[in-house]
Amino acid sequence: MMTTKKETIRIMVADDHPVFREGLYRAFSDTRDLKVVEEAGNGQELLDKATTEKVDVVLLDISMNDEWSLDYMKELKVKFPDLPIIVLSVYPEKHFAMRYIKAGASGYLTKDSPLDVLKQAVRKVAGGGKFLSPEFMEKIAFNFSGQDKQPHEMLSDREFQVFCLLASGASLTAIAEKLFLSVKTVSTHRSHILEKMKMQTNAELIQYAILNKVI
């Protein structure tokens, strides 16, 4: 999956909004060394098309069709550990970037990033590098102790997934069906979430998520 500087970098865009995918296709069309060769509208399409189409970089949305893309990205990295993935999100990197970087992502950008920055990021990760904002790199460098972490950053990936669903108003039953878990397991996750975040009710979780723009 690695490329040289002389090769065209073949890109897959995984995003559930066709207009956004089309926009990136057009944006890269005037670039000689960058080419969108495949698109995916959901997580399963991402996995299927990565298997059948050779790509050098994946641009991945945080959420597709109300599904968090982190689990799909983990599965993709198991199959293609050297495939660089840049996460493109409407959410600021302080909320999600670390989880994706720990899971193997090579970069994280918000969707309002300038196109030149996105092109720079694609070229860098295709060459084996990482791409994060200077502000986020500074946070990583000076937060070894973890003392400055926000409460939701203390949650495991699964707990954070349940937290986001609880904060969006989903019931335990609905969350269990969505994540293919038992209601008892979801209830246990909820208890751990409340304990770690030092809260008592779902209403507090919702208020926290809104105030911190997590959802």
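# The largest pocket, salt bridges and helix α7

Q: Which elements each supply at least two residues of the lining of the largest pocket?
A: This is a predicted model, in which local features need pLDDT of at least 70, side-chain atom pairs count only at pLDDT 80 or more, and totals for chains, interfaces and linings use all residues. Residues are numbered from 1 along each chain as its sequence is written, and side-chain values use heavy atoms, with hydrogens and water left out. Helices (H or I, at least four residues) and strands (E, at least two) are DSSP runs numbered from the N terminus. The elements that each give at least two residues to this lining are β5 (67-68), α3 (70-79), α7 (157-167) and α8 (172-179).

Q: What volume does the largest pocket have?
A: A pocket is an open set of points on a 1 Å grid over the protein atoms alone, where a 1.4 Å probe fits and protein lies on both sides within 12 Å along at least five of seven lines. Grid points are joined across faces, edges and corners, and the volume is the space filled by probe spheres set on the points. For the largest pocket, this volume is about 650 Å³.

Q: Which residues that line the largest pocket are the closest to its centre?
A: A lining residue has an atom within 4 Å of a point of the pocket. The lining of the largest pocket holds 26 residues, and the closest to the centre are Ser63, Asp66, Glu67, Trp68 and Lys178.

Q: How many residues of each class does the lining of the largest pocket have?
A: Ala, Val, Leu, Ile, Met, Phe, Trp, Tyr, Cys and Pro count as nonpolar, Asp, Glu, Lys and Arg as charged, and the others, Gly among them, as polar. Sorted in this way, the lining has 13 nonpolar, five polar and eight charged residues.

Q: Which element gives the largest share of the lining of the largest pocket?
A: Several elements contribute to this lining, including α3 and α8. The largest share amounts to five residues, and it comes from α7.

Q: Is α7 largely enclosed or exposed?
A: A residue is buried under 20% relative accessible area, exposed over 50% and partly exposed in between (1.4 Å probe, protein chains only). The buried residues of α7 include Phe160, Val162 and Leu165. Elements that cover the buried residues include β5, α3, α4 (93-102), α8, α9 and α10 (202-211). Because nine of its eleven residues are buried, α7 is largely enclosed.

Q: Which residue forms a salt bridge with Lys196?
A: A salt bridge is a side-chain nitrogen of Lys or Arg within 4 Å of a carboxyl oxygen of Asp or Glu. For Lys196 and its partner, the closest N and O atoms are 2.7 Å apart. Lys196 lies in helix α9 (residues 183-196) and the partner in helix α7, so the pair ties together parts that are 37 residues apart in sequence. Lys196 is partly exposed at 38% relative accessibility, whereas buried at 6% is its partner, Glu159.

Q: Which residues does Glu159 touch, not counting those up to four places away in sequence?
A: Contact means heavy atoms within 4.5 Å. Under that rule, and with those sequence neighbours left out, Glu159 touches His189, His192, Ile193 and Lys196.

Q: How many residues apart are Arg21 and Glu39?
A: The side chains of Arg21 and Glu39 form a salt bridge, with N and O 2.9 Å apart. This pair links distant parts of the chain, for Arg21 lies in helix α1 (residues 18-29) and Glu39 in strand β2 (residues 34-40), and their separation is 18 residues.

Q: Which residue forms a salt bridge with Lys49?
A: The closest N and O atoms of this pair are 3.5 Å apart. Lys49 belongs to helix α2 (residues 43-52), while the partner is in strand β2, eleven residues apart. Lys49 is partly exposed at 26% relative accessible area, and the partner, buried at 17%, is Glu38.

Q: Which residues are joined into one network by salt bridges that share partners?
A: Asp15, in the loop between β1 (9-14) and α1, is buried at 1% relative accessibility. A polar contact (N or O atoms within 3.5 Å, one able to donate a hydrogen and the other to accept it, with residues adjacent in sequence counted only if both atoms are side-chain atoms) of 2.7 Å joins the side chains of Asp15 and Lys111. The side chain of Asp15 also reaches the backbone nitrogen of His17 at 2.8 Å. The network formed by shared salt-bridge partners consists of Asp15, Asp61 and Lys111.
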